[in-house]
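I wanted to look up how the aromatic rings are arranged here. My notes follow, entry by entry.

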Amino acid sequence: SQEPDRDLVFPEGTGLRMDANQLIRLELHYINYVSSDPVDVGGSIDIYFTRERGELQEVDFIFAGPLGLYIARRSTGEAGTFYRPSASESDPWHVFALTSHTHQLAELTTIERAPNASAPGVEVHASRSWAEPPLDIFEPPMTFTGTDGLRLHCQYVNPTDTPVGFGESFNDEMCFLIALYYPSHGFQLSF
């Protein structure tokens with residue numbers, strides 16, 4: 001989640017595999033607009049473990065977006081992609097959480113559920129906040145069987161005298177969708 005305080009509860013019967021000595025990487029990004037003085041920044045996360053016997057569906061994630069975006073100086077720009085899950089009728093994907101990720105020039109980011117890259121779709125996520133886009137939770141989850149997918153669209157305004165392209169720096173841009181899902185079949189977690 002990119003929101004300051006957000007709960008994410010996995011659907012019943014799902015979980016993440018945590019092996020012995022599992023590495024957990026948490027990222028905290030903070031930009032200090034207020035002062036040139038250093039600022040102490042911190043964050044916390046609570047993870048709850050279970051040792052219940054039985055099988056759980058393993059949760060996975062999608063992190064997808066275009067790498068070739070470009071916004072000319074003093075102009076507007078767009079970027080996007082269409083992502084079709086590798087699901088099927090016999091092994092559907094169940095998307096239960098979804099968000100977007102951009103940097104500071106993004107004005108609007110939308111994600112639609114659509115049959116292909118150009119057909120009309122149904123909006124399932126919208127954000128005008130590059131810093132804190134909402135984490136949308138779907139109860140029940142959206143089920144994908146390989147007949148449709150997620151279309152991501154990002155709109156930008158570049159007021160600077162410098163063109164901006166894709167990159168990891170704060171002064172670069174991104175356009176990504178992030179989705180948490182579990183398959184109906186496939187990997188099972190057994191305890």
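Does Phe176 count as buried or exposed? I looked up the relative accessibility of Phe176 in this predicted model. The value is 6%, so Phe176 counts as buried, the cut-off being under 20%.

Next I searched the whole structure for aromatic pairs and found six. One of them joins Phe63 and Phe176: I read 4.4 Å between the ring centres and 20° between the planes. Planes under 30 degrees apart count as stacked, so I entered the Phe63–Phe176 pair as stacked.

I then placed both residues along the chain. Phe63 belongs to strand E3, residues 60–64, and Phe176 to strand E12, residues 175–183. The pair therefore links distant parts of the chain, 113 residues apart. I also checked Phe63 for exposure: its relative accessible area is 43%, which makes Phe63 partly exposed.

Strand E12 came up again with Tyr181. I found Tyr181 paired with Trp93, the centres 3.9 Å apart and the planes at 10°, and this pair is stacked. Trp93 lies in strand E6, residues 93–102, so the pair ties together parts 88 residues apart in sequence. I looked up accessibility for this pair as well: both Trp93 and Tyr181 are buried.

I noted one aromatic cluster made up of Phe10, Phe96 and Tyr182.

Last, I looked for a charge over a ring. Arg113 lies over the face of Phe144, and I noted 4.1 Å to the ring centre.

Notes. Residues numbered from 1 in each chain as written. Predicted model: local features only at pLDDT ≥ 70, side-chain atom pairs only at ≥ 80, totals over all residues. Heavy atoms only, no water. Phe/Tyr/Trp six-rings, centres within 6.5 Å; stacked < 30°, edge-to-face > 60°. Helix = DSSP H or I, 4+ residues; strand = E, 2+ residues; numbered from the N terminus. Buried < 20%, exposed > 50% of the residue type's maximum accessible area, 1.4 Å probe, protein only. Lys NZ or Arg CZ within 6 Å of the ring centre and 35° of its normal.
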